[in-house]
Every structure is written in structure tokens, then in C-alpha cells.
Amino acid sequence: MSTREEQRSLKMAESAREADWREGSFLRDLFLGRLRLELIEPYPLPGEPRPEFAVFREKLRRFLEEEVDAAQIDRRGEYPARVILGLRSLGAFGMKVPVEYGVLGLSAAEYIEIMKLVGSWDGNVTALLSAHQSIGVPRPLTLFGSEALKRKYLPRCAAGSISAFALTETEAGSDPARIATTATPTPDGRAFILNGAKLWCTNGTLADLLVVMARDPRTEAISAFVVETGWEGVAVTHRCRFMGLKALANAALRFHEVRVPRENLIGEEGKGLKVALTTLNTGRLALPAATVGLAKTCLELCRKWARARSQWGVPIGRHEAIAHKLAEMASTTFAMESVCDLVAAMADSPDHDIRLEAAAAKEWNTVRAWRMVDDALQIRGGRGFETEESLAGRGEAAVGVERWLRDSRINRIFEGSSEIMHLFMAREAVDRHLQVAGALVDPERRSERLAALPKIAAFYGRWYPSRWVGWGHWPRFSSYGALAGHVRFIERASRKLARASFHGMVRFGAGAQRRQAFLFRLVDLAMELFAMSATVGRARRLAELRRPEAEQAVALADLFCRSSRREVSRLFRALAHNDDVLQSRLGREVFEGREAWLEQGAMGLGLEVGELSPLPVSELMVAQAPIPPPLETRFPLHEVSPPAE
Ligand SMILES: Cc1cc2nc3c(=O)[nH]c(=O)nc-3n(C[C@H](O)[C@H](O)[C@H](O)COP(=O)(O)OP(=O)(O)OC[C@H]3O[C@@H](n4cnc5c(N)ncnc54)[C@H](O)[C@@H]3O)c2cc1C
């Protein structure tokens, strides 16, 4: 991408960013060195379920058990009609539709419980339900739709009309600003004419309704629309197939001269990217929940298999290597669920801004779940790699770990890839500094520098020293009992994280936003501290309420935090001691093909760069994005040591 085009994409993403923060983002404050435990305490343990929800959950559980054969769905690569009909008659497509338009109107916390359940059973059904109501028509309509549009479509969604979210195009993946689908207003202004193509639209082959993002060719502004697939000019051109989620009803779609009435605009004209990104901001909560369900299933399998399978004279669970894996799986499952339930409860509270927490939950849980399925496969040995059908064919229990692995890999790519989630959170990590000191670091705002100096001096004169002088030692946080040491660590580490972000801004100036290695470490640090906070908060609450599982919960939280603290210390050390300079230099060389000789001896793909691009070769832009120049000097302001253990 040329630098100019990159700037255009960044500007567009920036203008679509929700820039206003309601009070109360735990992670945003953490980036500023403020550990605001009051925002997440007391930890919101799920209470008694309301009766309608309990009935629905039980019906769905029974339906999954009796009617949804995950192995068969995977093998056949299709959703059986009875599964779709059954979900419809249960009201599962109306779960998130507000109660005045539908039937269930689940809260975020209730929806998350359902997604855990479904995620523990079948990835294909999870994707079907989630694409429909986390990002499909119900979500953006609830957030941005006019009353008339809600009345027109939400009852249909609740009754079982399946919907989908169509943002991605061949040239617009992580960078939605590259959308080429056009929505041209008609001369009388009463409609838009849609032309273009969308890629990888989950539910696209089944959907009655689509949320489509398209650009006005005159103004370039992107708008969002509800489009009915029955309208003339809407066509599925290809059913996409994948490594996992074999039954996904995923489509490449084409729009040819489709007339969309103006009333079908979602939100304001020209604000479609904001509609899309805001929908994803909270919509992506389904994935962390589904991965909790998967983690629980992995844990159950490995616990039982570790006892059932004996080698070298003892159950494999008695071999230290496997026992350690079991301990890690249990403590990670506890942490993943703590993160997920906390963010779901925050989503139900109007006082919380959960953009960063939802992104952290999505990113952190999907990465942990992927590792956990890999561990489960390892613990199952050869049986982990064998298909359910083959296992059953020779008389063994049909457990599909290889399917779980195939199905879960995409979680780190869709609804915001790992890299994009890091960038999203990193933008917020430096946001306050950019707001205050933007004029100092941004070459484009050079003229404002002098005038901005007093404000900058006033802010940092107070803020910076206070990031050094907090108290993160005994007896503070003693009410956490055995876990108090971990909370003290989080407090010290959060101030250190804030200092590190500030030092980065001073060191890199406006270029900080391009230092992905540096920024991603800050984000990884914040995510670990967030996961630790959620985990200790939950264990503490269970202990306070004297729940029967409290003792184990404290032990799980303790083990998790010990391991997480080592990761935090490693990340802090890596801020100053790393191979970033060498990696950037070598990365550039590989990019330019100077290491291509290493590929000799393999068969080779027989493909040139141009052949890998969906664009015609004549239009292909071999990326010109400047890799930041290597840093020749050591980062001078960085603190080298991690916070005291
Ligand atoms: C099974 C499946 C279902 C999907 N469902 C839907 C759907 O329902 N609706 C929909 O609209 N889309 C859907 N998608 C699209 C999905 O959201 C995209 O795949 C995702 O946004 C990434 O885009 P991309 O694949 O084009 O990767 P690219 O954007 O081409 O990225 C390639 C790699 O580069 C990285 N990268 C990109 N930009 C940067 C950057 N600035 N800095 C660092 N790294 C970067 C990415 O993280 C990735 O690792 C689906 C995709 C799949 C495979």
C-alpha cells in the first residue's frame, strides 16, 4: 500500500472510531496507570437465572444433545434442515432481539451463557447463531436503526429470518476503508443503487437479510444498509469452504443494480463504517464465550483421559508433564471464564465502556483457547489427530479434538484478527498522550506546538510523577487474602505500563503508532493484567460468599497469576531488550526477496507475487509501506527491570 493510501485508510478508520468515552473503562485507565478495581468489584458472579432464561437454556441444551450431531455436520459440510428449523422454533434467532420486538431479549450475560453452551458443542452452530445476532441485522439495528426499520425487521429476525454481515471484500479485509461496493443515490434521493461484491459472508447462503456496507462513489463516504437477499440483483456467486467450520453457510455475494430504499439506511448516511466498527466492538463478545465452552470441554476430556489412559504402568495423568498441562488447562479455563463473565456483566451496565475489554476478551481468550485445544490434542496422543468417524469405526469413543482444532483456528482471524485487535487496543493505549501532547509529536501540528506547551507541562507535571509514587505494597489490598500479593503486583505493573507508554511516545514521537512490536507488547501487558484482575476478583468473591468451590478457585487463581506474572515480567524486559532492530532489518530483506535462496530445494509453489493477488497484475501495488528505520540506539528512557516480584 502506498503511504498516501495508508494515510487515507488510517484517517478513515480514525474518523469511524468511537472517540468519546463514557466513564468507566478499566483497561483504558490501566493504560494510564490507574488500577480502578472499583469498576470490576465486587466481581459479578452469575445470580439465580430468571425463569424464562432457565427454561430456554435447558430446551436448547436438550436440543443440542438430541438433534445436533456435530461430527455429522462437519463430515457432511451442511446444516441439516431440522437443525435450522429446530433453532428457529426454539426462538434461538431472536435471543438478542430486544424484548419489545421479539421473544427473548437476553441480556449480554445471558447471551454469553448460551454461547458458552453452544461453543462447547458445535462450532458450526455457534457461527450460525453468532453471525446472525452478534453482527447480523439485530445488532446494528438495535444500536443505530430508526424505529421504523426496527419494527420492520427485528420481529422477522426474532421469528427466524437468518441474517448476515457483509463488510469484507477481496480487497478490503482488515482495512475496511478499501471497500469498493458502491451505493449510488438515485436522482430523486429515495433509494440507492448497490453494485459490487462481498466476500466470506457467514450465513450468506442461508440469509434472508444482510447488513451491507457500501460507498457513495461521489463522496466516498460509506453507509450501512439492510438488504433483502430476495431483491432483484442480489446473488450468491460462490459457497466458500474452509479448513474447519465445514458447514458454514459462507458466501461470496454479488450486487448488481440492487435498488435499496433510503429507509433501509442503518444510522446516518455516510456513517456506515462507524456502524460496522461499533457493531463489531461489542458483537465480538460471542467468541470469548464460545471459547470458554470449548476450553471446558477440553478440560473435561483431558481430565478423564488422563485417568483412563495408562502408559509405563501408571495413568498418564500421573506423569508430571501431563499433570502440569492439566493444572495449566484448569487455571486457564478459570481465567478465561473470569474475563468473559466480567466483560459480559460490564456490557449489561450502562456505566461501562467495554470496547477495550471486549477486544481484550476476544483476543486473549481466542489465543488461549487455541493453545488449549493444541494441548488437548497432545494429551490425547494419536487419538487427538484421528477423526471421530475413524475412532468410532474401530470401536473407540468418538471425540473430535482434531475438529475442535480445525474449527477454532479462525477465531484468531475473523471479527478482528489478532493483529488488528492489538492495533485497536494500542491506539487507545497512546490516545491520552496523543490528546495531550499530540502537537508535540505530530509533525503536521508543528504550528500548534508553542501554544500547546503550557497544557502539556501542566498535565505531565502532575501525571508523570504520580505514576512513580503509588503504593503497591503491604498492607494494601490485604482484603484479597492469599491473592493480595498478585493485586499489589498488578498495581505496580499498571503504573509501570503507563510509564512505558509515555516513554515510548517521547522516544518515538508520531512514529510510535508504527512501532507495532513495541505497541503490541504494551497491549499484551495490559491484557495479562486485565486477566489477572478478573481472575483474582472472581476468586475473592467466591471466597467472600463462602461458595463450596472457593478454595479451589483461590488455588486456580493463584497458579494462573504466578504464571501470568512471569509473562508480564518477560514482556517488560522485552520492551528494552529485544531484537526489534534486527528483526525489522531482516524482515525487510526477506520482503525484498534477498533470502529467497533459502527456499531452494523445495518443490516451490510455482506462483509469482502477482498470481497470489486477487487484483489484476496491472493494478497490483507491491506494498510500499515504509518499514520503520531500524533503531540504532538503545531505547534510552526505558526501565529495564520488571516490577519487583
Ligand atoms: C470463515 C470466515 C468467516 C468470515 N465471516 C465474515 C462475515 O460474516 N462478514 C464479513 O464481513 N467478513 C467475514 N470474514 C472476513 C474476516 O473478517 C477477514 O478474514 C478478516 O477481517 C481479515 O481480513 P483478511 O482475511 O482479508 O486478511 P488481511 O486483511 O489481508 O490480513 C492478512 C494478515 O495481515 C495482517 N494485517 C493486516 N493489516 C495489518 C496491519 N495494519 N498491521 C499488522 N498486521 C496487519 C492480518 O492480521 C493478517 O494476519 C470471514 C472470514 C472467514 C475466513
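**Reading the ligand site and its surroundings**

Biologist: Which residue has a side-chain N or O atom 3.0 Å from a nitrogen atom of the ligand?

Modeller: That residue is Q516. Please keep in mind that this is a predicted model. To read a polar contact, look for a pair of N or O atoms within 3.5 Å. The Q516 pair, at 3.0 Å, can be read in this way.

Biologist: What lies 2.6 Å from a nitrogen atom of the ligand, and which residue has a backbone N or O atom at 2.9 Å?

Modeller: A polar atom in the side chain of T168 sits 2.6 Å from a ligand nitrogen. For W200, the backbone supplies the N or O atom, 2.9 Å from a nitrogen of the ligand.

Biologist: How much of the ligand's accessible area does the protein cover?

Modeller: Compare the ligand on its own with the ligand in place. Alone, the ligand has 970 Å² of accessible area, and the protein covers 69% of it.

Biologist: Which elements give two or more residues to the shell around the ligand?

Modeller: Those elements are β3, residues 191-201, and α17, residues 418-429. The largest share comes from α17, with 3 residues.

Biologist: How many residues surround the ligand, and how do they divide into nonpolar, polar and charged?

Modeller: There are 20 residues around the ligand, and the closest are F165, T168, S174, S417 and E419. By type, the shell holds 11 nonpolar, 7 polar and 2 charged residues.

Biologist: Which strand is joined to β3 by bridges?

Modeller: For paired strands, check the partner, the direction and the bridges. Here β3 runs antiparallel to β7, residues 251-261, and 8 bridges join the two. You can find one of the pairs by looking for A191, whose bridge partner in β7 is P261. Strand β7 also pairs with β6, residues 234-239, in the antiparallel sense over 5 bridges. On that side, R239 has A251 of β7 as its bridge partner.

Biologist: Into which domains is the chain divided, and which of them give at least three residues each to the shell?

Modeller: The division gives domain 1 (51-159), domain 2 (163-271) and domain 3 (284-417). At least three residues of the shell come from each of domain 2 and domain 3.

Biologist: What separates the centres of domain 2 and domain 3, and how many residues of each are in contact?

Modeller: Centres and contacts tell you separate things, so to speak, and it helps to look at both. Taken over C-alpha atoms, the centres of domain 2 and domain 3 are 34 Å apart. At their contact, 5 residues of domain 2 meet 6 residues of domain 3.

Notes. Residues numbered from 1 in each chain as written. Predicted model: local features only at pLDDT ≥ 70, side-chain atom pairs only at ≥ 80, totals over all residues. Heavy atoms only, no water. Near = heavy atom within 4 Å. Polar contact = N/O pair within 3.5 Å; in protein donor to acceptor, adjacent residues only side chain to side chain. Areas by Shrake-Rupley, 256 points an atom, 1.4 Å probe, with all protein chains shown as cover. Helix = DSSP H or I, 4+ residues; strand = E, 2+ residues; numbered from the N terminus. Nonpolar A, V, L, I, M, F, W, Y, C, P; charged D, E, K, R; others polar. Domains from an automatic or database assignment. Pairing = 2+ DSSP bridges. Contact = heavy atoms within 4.5 Å.
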